[in-house]
Amino acid sequence: MSAFASRASSPEPAPEPWPQGISRRASMRISDVLAGLRADFPGVSHSKLRFLEEQGLIDPVRTASGYRQYSPADVERLRFVLTEQRDSYLPLKVIKERLAELDAGTAVAGPAPRLAAPAEPGEDVDALPLRFTVESLAGTAGVETAFVDALVDAGVLHKSAGGQLDAACLEVVRIAASLAEHGIEPRHLRSLRTASQRHVSLVEQVVAPWQRQQTPSARAHAGTVAAEIGEMCARLHTVWVRQGVADATSG
């Protein structure tokens, strides 16, 4: 066989996995990876990284002593996975499929849509506090303090043991204020809050077996499954509401 024929029949080299152009030299310990990620993902943990490895989303190198070592490219893949979970609430199966598309060069990574409280024009999201008082929440949302009090009294907002309200309450207040412009008062939102609590109870029942195991891996798995089921419940609720509104206005 000629040298030309030999070269022609040799397989094409596999494309470099995503992200291309970033070092794949595994020299980072798991503590280094966590330190680099926790500024953006405070809840990330050893068990979370191990769970993502078990699911085939990352593949760190193992040393002769059995320790995991990560490369800068591994960290970028982790950042992608954690961002998709946090901002898009995507199931791990979908994220894994997206990574496969990126590896094959059939997709381009872009910023994930944020589902957190939308910023107002000129508002610095990073400067917003993680906890509010009733007064500070009302001021940030641009509503009267009495309106926030009414949401608390209706059970739409829940205060912590210290009497504070978390950052998610800001979006609730802004949406409630928009609904109020159509005559929908805080007391009318009580049934929506109750329905959401039923959804949460359903999720808790599903993940309870993993939570009872009390191992880091099981708890990480419980958190991931809970997020996926919660998002599916929210989407199902949205479909039903849209379908009902369409039926009600179809004439």
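Colleague: In this predicted model, what makes H6 oblique to H8?

Modeller: Look at the angle between their axes. Helix H6 (residues 134-141) and helix H8 (residues 168-180) have axes that cross at roughly 55° and come within 10 Å. Roughly parallel would need an angle under 35 degrees, and roughly perpendicular runs from 65 to 115. The crossing of roughly 55° fits neither, so H6 is oblique to H8.

Colleague: Which residues make the contact between H6 and H8?

Modeller: From H6 come Leu137, Thr140 and Ala141, and they meet Cys169, Leu170, Val173 and Arg174 of H8. As for handedness, H6 passes H8 in a right-handed crossing.

Colleague: Let's turn to H2. How do you know that Ile30, Val33, Leu34 and Leu37 are on the same side of H2?

Modeller: These four residues of H2 are buried. Around the axis they cover an arc of only 95°, and therefore they sit on the same side of H2. There is a general pattern behind this: an α-helix has 3.6 residues a turn, so residues three or four places apart point the same way.

Colleague: What covers the buried residues of H2?

Modeller: The cover includes H3, strand S2 (68-69) and H4.

Colleague: And which residues touch the most other members of the largest nonpolar core?

Modeller: Leu37, Leu49 and Leu78 do, in a core of 24 residues. Helices H2, H3, H4 and H5 each supply at least two residues of this core, and the largest share, 5 residues, comes from H4. Leu49 is a nice one to click on: among the residues Leu49 touches are Ile30, Val33, Leu34 and Leu78.

Key: Residues numbered from 1 in each chain as written. Predicted model: local features only at pLDDT ≥ 70, side-chain atom pairs only at ≥ 80, totals over all residues. Heavy atoms only, no water. Core = buried A, V, L, I, M, F, W, Y, C linked by side-chain atoms within 4.5 Å. Buried < 20%, exposed > 50% of the residue type's maximum accessible area, 1.4 Å probe, protein only. Contact = heavy atoms within 4.5 Å. Arc of directions from axis to C-beta. Axes fitted to C-alpha atoms, helices over the stretch in contact; angles between N-to-C directions. Parallel < 35°, antiparallel > 145°, perpendicular 65-115°, else oblique. Left-handed = near helix turned anticlockwise from the far one by under 90°.
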